[in-house]
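Thank you for sending this entry for comment. Below are my remarks, set out as numbered points, with the overall picture kept alongside the individual residues.

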Amino acid sequence: MTLDRIAPALFVVLWSTGWIVAKYASPYADPLTFLCVRFTLAAALFGVIAIASRVAWPSTRAGWRHAILSGVFLHGIYLGGVWWAIEQGVPTPVSGLIAALQPLLTATAAPYLVGERLSFAQKLGVGLGFAGLTVAILPRLLALDAAMLQVALIPLLINVVAMASVAFGTIYQKRYLQEGDLRAIAALQYVGGLLVVLPLALVFEPLRIVWSLEFALAMGWSVLGLSLVSIMLLLYLIRRGQVSRAASLTYLVPPAVAVESWFLFGETLTLPMILGTLIAVVGVWLTNRKIRMIA
C-alpha cells in the first residue's frame, strides 16, 4: 500500500484530533498561549530534523519569504483564529460549518490563482461534500439560541477570516512552494505562525499554563501528531495533486470529530451526522478519484 493511497485517510484522522485536543487542553492553557508553545516546539523539531538530514533550505530570500508567509496563513491566522473564536463562545458545530466552506472557496479561487480546473465529477464532489456536512451539522445549528450567536458575533467573524486564511494559504503553498524540501519549509512555516500568535497572546492573554501531565500529553500530541505528521501529509497532498482535492478532505474532519467525541467524551452521535458523513464521503471520493484519460 503506497503513501498516495493511505495519506488522505490518515490526514483526516490525524487532523480531526486537533478539535479533540483543543477541548482537552482548554482547562490547562489559554488558546493562543498553547499555540505559541506548540509552534515554537514544532519549528525547533522540524529545524533539527532538517539540519540532521542535511536538507537544502530555500536558496533565495523569496523562498524564505514564501515559506514564512504561507505559515502566517496556514498556521497563525487559521489556527489562532479558530482556537480563539471557540474559546470566545463560537459553538463547535458553527465553527465546523464555517470550516466546511474552505473547499468551496478553494475550488472557486484555484482556477484564477493557480490555473487549476476541476472536472464536472470533481465539481459535483465538492458540492456533495458541502451538502453532506450541512446535513450533518444544520440540525444542531438551528437548535442554537439566537442570543448565543449574537454574543459570539465578533468571534464568528474571526472564525470566517480564519477559514479564508487557510484556503488562501493552501493555494499560496501550491503556487509558490512546489519545490524545496518539505521539512525545511515546514520549519519556516511554524516560524510564520508564531509571528502571528505570539504578539496576540502577549496583548490579549495572561499566558496561563497549568503545568501538568494533561498539558504535556495535549502538547505532545499537538506537536508530534498534528504539527509534525498531519502537516507533512497536508503539504505532501498539496504538492502531489490539486489544491481543491486536498481541501475537499476538510469535509470529513467535522464528522470524524463527532465520532471521536462520541467515543471519547460520550457526546451524542445523531442520525443526521451519520447520513451527512456518508454523503460527504461520496463527495470526497468524487473529488479525489483519479480520472483515466482516453488516448
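**Notes on the predicted model**

1. I begin with one ring that sits inside the fold. In this predicted model, Tyr-190 counts as buried because its relative accessibility is 1%. The ring partner of Tyr-190 is Phe-39, with the ring centres 5.8 Å apart and the planes at 45°, so the pair is classed as tilted. Phe-39 counts as buried as well, since its relative accessibility is 0%. This pair links distant parts of the chain, for Phe-39 belongs to helix H2 (residues 31-52) and Tyr-190 to helix H9 (residues 182-204), with the two positions 151 residues apart.

2. A second aromatic pair, formed by Phe-168 and Tyr-172, is likewise described as tilted, with 6.0 Å from centre to centre and 45° between the planes. Here both partners lie in helix H8 (residues 153-176), 4 residues apart, which is about one turn of the helix. Are the two rings buried or exposed? Phe-168 has 37% relative accessibility and therefore counts as partly exposed, whereas Tyr-172, at 8%, falls under the 20% limit and so counts as buried.

3. Taken over the structure, the count comes to 11 aromatic pairs. Ring pairs also link Phe-34, Trp-83, Trp-211 and Phe-215 into a cluster.

4. As to the overall architecture, the protein has 13 helices and 0 strands, so that, read from the N terminus on, its elements run α-α-α-α-α-α-α-α-α-α-α-α-α. Of its 295 residues, 49% count as buried. Among contacts with a separation of 6 or more, 91% are made by residues 24 or more positions apart. The accessible surface comes to about 14300 Å², and carbon and sulfur atoms account for 71% of that area.

5. Two serines deserve a separate remark. Ser-222, found in helix H10 (residues 213-240), counts as buried because its relative accessibility is 0%. What does the side chain of Ser-222 reach? The side chain of Ser-222 reaches the backbone oxygen of Ala-218, at a distance of 2.8 Å. Not counting residues up to four places away in sequence, Ser-222 touches Val-21, Phe-34, Arg-38 and Ser-227; of these, Phe-34 also takes part in the ring cluster of point 3.

6. The other serine, Ser-165, lies in helix H8, the helix that also holds Phe-168 and Tyr-172. With 6% relative accessibility, Ser-165 counts as buried. Leaving aside its neighbours within four places in sequence, Ser-165 is in contact with Val-72, Phe-73, Ile-77 and Tyr-78.

7. Side chains of opposite charge can pair when their charged atoms come close. How many salt bridges does the structure hold? The structure holds 2 salt bridges. One of them joins Arg-208 to Asp-30, with the closest N and O atoms 3.3 Å apart. Since Arg-208 lies in the loop between H9 and H10, and Asp-30 in the loop between helix H1 (3-25) and H2, the pair ties together parts of the protein that are 178 residues apart in sequence. The accessibility of the two partners should be read separately: Arg-208 counts as partly exposed because its value is 28%, while Asp-30, with a relative accessible area of 9%, is buried.

8. A further salt bridge is formed by Asp-181 and Arg-183, whose closest N and O atoms are 2.8 Å apart. Arg-183 has a relative accessible area of 28% and is therefore partly exposed.

9. My last point concerns the surface. Which residues make the nonpolar patch? The patch, of about 510 Å², is made by Val-135, Leu-271, Ile-274, Leu-275, Leu-278 and Ile-279. Helix H13 (residues 271-288) gives the most to this patch, contributing 5 residues. Leu-275 lies in helix H13 and may serve as an example of a patch member: at 42% relative accessibility, Leu-275 lies between the limits of 20% and 50%, so it counts as partly exposed.

How values were computed: Residues are numbered from 1 along each chain as its sequence is written. This is a predicted model: local features need pLDDT of at least 70, side-chain atom pairs count only at pLDDT 80 or more; totals for chains, interfaces and linings use all residues. Side-chain values use heavy atoms; hydrogens and water are left out. Patches are made of residues with over 30% relative accessible area and no salt bridge: like charges are joined within 9 Å, nonpolar side chains (Val, Leu, Ile, Met, Phe, Trp, Tyr) within 5 Å. Accessible areas come from the Shrake-Rupley method with a 1.4 Å probe; for residues, only the protein chains shown count as cover. A salt bridge is a side-chain nitrogen of Lys or Arg within 4 Å of a carboxyl oxygen of Asp or Glu. Buried means under 20% relative accessible area, exposed over 50%, partly exposed in between (1.4 Å probe, protein chains only). Rings of Phe, Tyr and Trp (its six-membered ring) pair if their centres lie within 6.5 Å; planes under 30 degrees apart count as stacked, over 60 as edge-to-face and the rest as tilted. A polar contact is a pair of N or O atoms within 3.5 Å; within protein, one must be able to donate a hydrogen and the other to accept it, and residues adjacent in sequence count only if both atoms are side-chain atoms. Contact means heavy atoms within 4.5 Å.
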